[in-house]
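Reader: I am new to this structure and would like to know what lies behind the words used for it. Could you take me through them?

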Amino acid sequence: MFYLVGLGLFDEKDISLKGVETLKKVDKVYAEFFTSRLFGSNFEAIESIIGKEIIVLDRTQVEEESVFLKEAKDMDVALITGGDPLIATTHSDFLVECAKRDIDFEVIHGSSILSSAPAISGLQAYKFGKVTTIPFPDYNFFPKSPYIAIEENLKMDMHTLVLLDIQAHKDRYMTINQGLENLMTIRDNLEREGMINEDTLAIGIARVGSKDNLVKAGYIGDLLDFDFGGPLHCIIIPSKLHIVEAEYLVEVANGPKELLDDI
């Protein structure tokens with residue numbers, strides 16, 4: 001049997017009771033943290049709860065070797081990952097492989113940034129459009145697609161959740177400031193006038209699920225130098241605001257008070 005277990009957003013206390021019970025009973029527990037990780041916890045804390053060793057895999061071992069699937073033919077094996085395990089395409093591929101190899105499987109879901117960030121932003125969930133991700137730039141690699149995705153959502157009066165690149169193997173996590181800077185660089189490189197600029201409203205969200213989570217609304221020009229603290233970060237670019245959304249951003253997210261004047 002193969003179990004795919006989501007750990008939730010921040011620390012070992014976010015693991016569901018079902019997840020804990022599953023990890024206690026399986027023969028082996030593997031972990032990958034290149035798609036996500038728990039910043040408020042460590043392997044020792046999780047191991048103390050489940051009473052067994054966690055075997056940490058690198059990306060090659062997960063995506064190419066998939067040793068846990070080979071072993072799941074003859075024993076109960078679990079793979080744990082931060083967030084909800086099926087948000088990353090890699091993990092749904094494992095279930096396809098299980099089906100092909102006639103291996104029974106079960107998914108234990110965890111809380112996800114895709115639902116938690118929109119919720120804590122105070123914006124209405126049904127008004128969100130396509131999610132996009134800003135990657136770290138590299139040699140000959142600076143995609144405009146995140147900016148274009150936000151523009152397309154704005155044209156349809158839809159909010160955008162912007163995820164920020166994670167390179168856990170390098171201990172490198174994009175900040176809200178870097179993400180906004182990248183959007184402004186893309187704007188400057190466009191051969192046309194873009195819809196997003198320093199006067200565009202944005203919401204920076206840091207450390208969702210922790211006691212010191214931060215939600216700060218403001219104009220991009222004002223947020224570029226704002227200190228959001230440690231990772232993990234994400235951004236939301238709102239579209240037209242309902243009065244309830246605007247009031248939340250002003251009162252809870254310390255946004256500019258003139259947002260209420262524009263409703």
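Reader: What makes up the secondary structure of the chain?

Author: The chain has 10 helices and 12 strands. Helices here are DSSP runs of H or I with at least four residues, strands are runs of E with at least two, and both are numbered from the N terminus. This is a predicted model, where local features need pLDDT of at least 70 and side-chain atom pairs count only at pLDDT 80 or more, while totals for chains, interfaces and linings use all residues. Residues are numbered from 1 along each chain as its sequence is written, and side-chain values use heavy atoms, leaving out hydrogens and water.

Reader: Why is the chain called as compact as a globular protein of its length?

Author: The globule rule, 2.2 Å times the number of residues to the power 0.38, is set against the radius of gyration over C-alpha atoms. For 263 residues the rule gives 18 Å, and the chain's radius of gyration is 20 Å, which is close, so the description holds. Along its principal axes, the C-alpha trace spans about 60 × 40 × 30 Å.

Reader: How many of the residues are buried?

Author: Of the 263 residues, 51% are buried, meaning under 20% relative accessible area with a 1.4 Å probe, counting protein chains only.

Reader: What makes β3-β2-β4-β1-β5 an open sheet, and which strands are its edges?

Author: Two strands pair if DSSP finds at least two bridges between them. The 5 strands are joined in that order by parallel pairing, and β3 (54-56) and β5 (105-108) each pair on one side only, as edge strands. From one strand to the next, the twist averages 25°, with axes fitted to C-alpha atoms (for helices, over the stretch in contact) and angles running from 0 to 180 degrees between N-to-C directions.

Reader: How do you know that β1 pairs with β5?

Author: Strand β1 (residues 2-6) is joined to β5 by 4 bridges, and the definition asks for at least two. One of the partners is F105 in β5, which bridges to F2.

Reader: Which helix lies across β2 and β3?

Author: That is α2 (residues 43-50), running at about 145° to β3.

Reader: How do you know that helix α8 has the span expected of it?

Author: The expected span is 1.5 Å times one less than the number of residues. For the 14 residues of α8 (residues 176-189) that gives 20 Å, and the end C-alpha atoms are 20 Å apart, so the two agree. Among the buried residues of α8 are I176, L180, L183 and R187. Its buried residues pack against elements including α7 (145-155) and β7 (160-164), where contact means heavy atoms within 4.5 Å.

Technical notes
Buried means under 20% relative accessible area, exposed over 50%, partly exposed in between (1.4 Å probe, protein chains only).
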